[in-house]
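Please keep the structure open while reading this note. The points below go through it one topic at a time.

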Amino acid sequence: VILGQRWAEEYMKSHKGVVIQVTGGGSGTGISALINGGTDICQASRPMKDSERELAQSKHGKPVTEIAVALDGIAVYVHEKNPIGDLTLEHLKDIYTGKRVSWKDLGGADKKIVAYGRENNSGTYVYFKEHVLKDEDFASDIQTLPGTAAVVNAVAHDIQGIGYGGIGYAKGVKELTVNGVAPTMKNVTRNRYPVSRSLYFYTVGEPAGLAKEFITWVLSDEGQKICQEVGYYPLR
């Protein structure tokens, strides 16, 4: 949402009379709005499911168009005073499925791990569940929060905390390397960071009119430059 808001702000500055409204709430919220006709463009941090695509087509008579607009590394955050610097994908899976419950097991203090995550309508939640947990269920005591900013804020104030979310939100926390690889632009764009992903725009049918003009600008050098300014990564 922070990237979408910045794109909208910058586009409206140079295109007088154009109004773009950006609303957050998670990828699932945006996808539902697209299916129900409540938005022209849906932002999502996960690919649409086949069932969602089919529902959109049945309602509107047109297939959904998917457009990759930026790259993201899902960062893993801990408190700045946490001595841990790296975790493996297996460690993360064990933490979030409840198999590892103490930092001592990972080389840290003999303290209980407090894990924070996203709510289930979040694309980040879905991606993490599929690619890190390998579709196993999250442990029942994971503290779910309504946005990545809330996860970062919780971890920043909890020395035993750990969380995950888009790289653009990593402020005031310590970013871990995963499998020894940092979520830098070089590592994400070269697909070295193990939890890298594309961020998408979706439209019903091919984009047209003002929506098409806006998307073309987002994919231009000017629009892509904004990705880095916000904290995400351009496609090229």
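1. F138 is a fair place to begin. This is a predicted model, and in it F138 counts as buried because its relative accessibility is 16%, under the cut-off of 20%. F128 is buried as well, at 1% relative accessibility.

2. The rings of these two residues belong together. F128 and F138 make an aromatic pair of the stacked kind, with 6.3 Å from centre to centre and 20 degrees between the planes. The pair joins distant parts of the chain: F128 sits in helix 5 (residues 123-131), while F138 sits in the loop between helix 5 and strand 5 (143-145), and the two are 10 residues apart.

3. How many aromatic pairs does the count come to? The count is 12 aromatic pairs. One of them is W7 with F201, whose ring centres are 5.6 Å apart and whose planes stand at 75 degrees, so this pair is edge-to-face. An angle over 60 degrees is what that label requires. W7 lies in helix 1 (residues 2-14) and F201 in strand 9 (residues 196-204), so the pair links distant parts of the chain, 194 residues apart.

4. The surroundings of W7 and F201 deserve a line. W7 counts as buried at 1% relative accessibility, and F201 counts as buried at 1%. Both residues belong to one aromatic cluster, formed by W7, Y11, F201, F214 and W217.

5. Next come the charged pairs. The whole structure holds 12 salt bridges. Among them is the one between K93 and E136, where the closest N and O atoms are 3.1 Å apart. K93 lies in helix 4 (residues 89-96) and E136 in the loop between helix 5 and strand 5, so this salt bridge ties together parts that are 43 residues apart in sequence. K93 is buried at 13% relative accessibility, whereas E136 is partly exposed at 29%. K93 and E136 are also linked with K99 in a network of salt bridges.

6. D94 forms a salt bridge with R100, and here the closest N and O atoms are 3.2 Å apart. D94 counts as buried, with 10% relative accessibility. R100 counts as partly exposed, with 24%.

7. A salt bridge of 3.5 Å, N to O, joins the side chains of D141 and K112. This pair links distant parts of the chain, with D141 in the loop between helix 5 and strand 5, K112 in the loop between helix 4 and strand 4 (114-118), and their positions 29 residues apart. D141 is partly exposed, its relative accessible area being 47%.

8. D158 should be read with some care. Where is D158 placed? D158 is in the loop between helix 6 (148-156) and strand 6 (161-166). D158 is buried but has no salt bridge, and K112, the nearest side chain of opposite charge, is 10 Å away. That distance rules out a salt bridge because the limit is 4 Å.

9. D158 does have other partners. Its side chain makes a polar contact of 2.7 Å with the side chain of Y116. Leaving aside residues up to four places away in sequence, D158 touches H79, V114 and Y116.

10. The cysteines can be dealt with briefly. A disulfide is a covalent bond between the sulfur atoms of two cysteines. A search of the whole structure finds zero disulfides. C42 is in no disulfide, and the nearest cysteine sulfur, that of C227, is 17 Å away. Why does C227 not bond to C42? The sulfur of C227 is 17 Å from that of C42, its closest cysteine sulfur, and this is too far for a bond. C42 is buried at 1% relative accessibility, and C227 is buried at 0%.

11. The last residue to look at is K81. Is K81 buried or exposed? K81 is exposed, because its relative accessible area is 66% and the exposed class begins over 50%. K81 is found in the loop between strand 2 (64-78) and strand 3 (86-87). From K81 to D137 there are 56 residues in sequence and 29 Å in space, C-alpha to C-alpha.

How values were computed: Residues numbered from 1 in each chain as written. Predicted model: local features only at pLDDT ≥ 70, side-chain atom pairs only at ≥ 80, totals over all residues. Heavy atoms only, no water. Helix = DSSP H or I, 4+ residues; strand = E, 2+ residues; numbered from the N terminus. Buried < 20%, exposed > 50% of the residue type's maximum accessible area, 1.4 Å probe, protein only. Lys, Arg positive; Asp, Glu negative; His and termini not counted. Polar contact = N/O pair within 3.5 Å; in protein donor to acceptor, adjacent residues only side chain to side chain. Contact = heavy atoms within 4.5 Å. Disulfide = S-S within 2.5 Å. Phe/Tyr/Trp six-rings, centres within 6.5 Å; stacked < 30°, edge-to-face > 60°.
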